[in-house]
Amino acid sequence: AVRPDGAQVLTSGLESAVKVWDAKTAEKTKQVGGPGGGTHELAVTAKLAAAAGADGTVRLYNPEAATALKAIPTGAPVFAVALDPAGKRVASGAAD
């Protein structure tokens, strides 16, 4: 996922970590723990990032500080996640 200002790129996968990369230098600048079992999808706004977790959670992060804010349990593996542009609402699609 690319931050709206284009300065950073967030990635994740099976390694259960969300990584923040500098878009210009392609260097990893930060890393924070991600969902257990890996991440199926990331969404990002200017102030919020969300990860769709194989462990049945949607995890919210501050992408600038690379800090975890909250884990929202869904009860089933999450395959899709979206944030409204203001970062006030999150939507997810799970296997339930």
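**Exercise 1. Place S16 in the chain, then work out what stands out about its backbone and how covered it is.**

Step 1: S16 sits in the loop between strand 1 and strand 2. Strands here are DSSP runs of E with at least two residues, while helices are runs of H or I with at least four residues, and both are numbered from the N terminus.

Step 2: Check the backbone. The phi of S16 is near 60 degrees, a positive value in a residue other than glycine. For context, most residues other than glycine have a negative phi, and most peptide bonds are trans.

Step 3: Now the cover. S16 counts as partly exposed because its relative accessibility is 23%. The scale goes like this: buried is under 20% relative accessible area, exposed is over 50%, and partly exposed is in between (1.4 Å probe, protein chains only).

A word on the ground rules: this is a predicted model, where local features need pLDDT of at least 70, side-chain atom pairs count only at pLDDT 80 or more, and totals for chains, interfaces and linings use all residues. Residues are numbered from 1 along each chain as its sequence is written, and side-chain values use heavy atoms, with hydrogens and water left out.

**Exercise 2. Run the phi check on A26: where does it lie, and is it buried or exposed?**

Step 1: A26 belongs to the loop between strand 2 and strand 3 (28–33).

Step 2: Its phi is also near 60 degrees, again positive in a residue other than glycine.

Step 3: With a relative accessible area of 56%, A26 is exposed.

**Exercise 3. Find the neighbours of S12.**

Step 1: S12 is placed in the loop between strand 1 and strand 2 (17–22).

Step 2: Leave out residues up to four places away in sequence, and S12 touches A17, V18, T39 and L42. A contact means heavy atoms within 4.5 Å.

Step 3: Compare sequence and space. S12 and T57 are 45 residues apart in sequence, and their C-alpha atoms are 15 Å apart.

Step 4: At 25% relative accessibility, S12 counts as partly exposed.

**Exercise 4. Do the same job for Y61: what surrounds it?**

Step 1: Y61 lies in strand 6.

Step 2: Y61 counts as buried because its relative accessibility is 3%.

Step 3: Skipping residues up to four places away in sequence, Y61 touches V18, V32, G33, G34, P35, K47, L48, A49, A51, T67, A68 and L69.

Step 4: Pick V18 from that list. Y61 and V18 are 43 residues apart in sequence, yet 9.2 Å apart from C-alpha to C-alpha.

**Exercise 5. How many salt bridges are there, and which residues pair up in them?**

Step 1: Set the rule: a side-chain nitrogen of Lys or Arg must be within 4 Å of a carboxyl oxygen of Asp or Glu. The count comes to 3 salt bridges.

Step 2: E64 and R3 make one of them, at 2.9 Å from N to O. This pair links distant parts of the chain, 61 residues apart: E64 is in the loop between strand 6 (57–62) and strand 7 (67–73), and R3 is in the segment before strand 1 (8–11). R3 is buried at 7% relative accessible area, whereas E64 is partly exposed at 47%.

Step 3: R59 pairs with D55, with the closest N and O atoms 2.9 Å apart. R59 is partly exposed at 23%, and D55 is partly exposed at 33%.

Step 4: D84 pairs with R89, with the closest N and O atoms 3.9 Å apart. D84 is buried at 17%, while R89 is exposed at 62%.

**Exercise 6. Zoom out: how does the radius of gyration of the chain fit the globule rule?**

Step 1: Start with the fold elements. The protein chain has 0 helices and 9 strands, so there's nothing but β in the pattern β-β-β-β-β-β-β-β-β.

Step 2: Apply the rule, 2.2 Å times the number of residues to the power 0.38, with the radius taken over C-alpha atoms. For 96 residues a compact globule would come out near 12 Å, and the protein chain has 12 Å, which agrees.

Step 3: Add the extents: the C-alpha trace spans about 40 × 30 × 20 Å along its principal axes.

Step 4: Finish with burial and contacts. Of the 96 residues, 38% count as buried. Among contacts between residues at least 6 apart in sequence, 31% join residues at least 24 apart.
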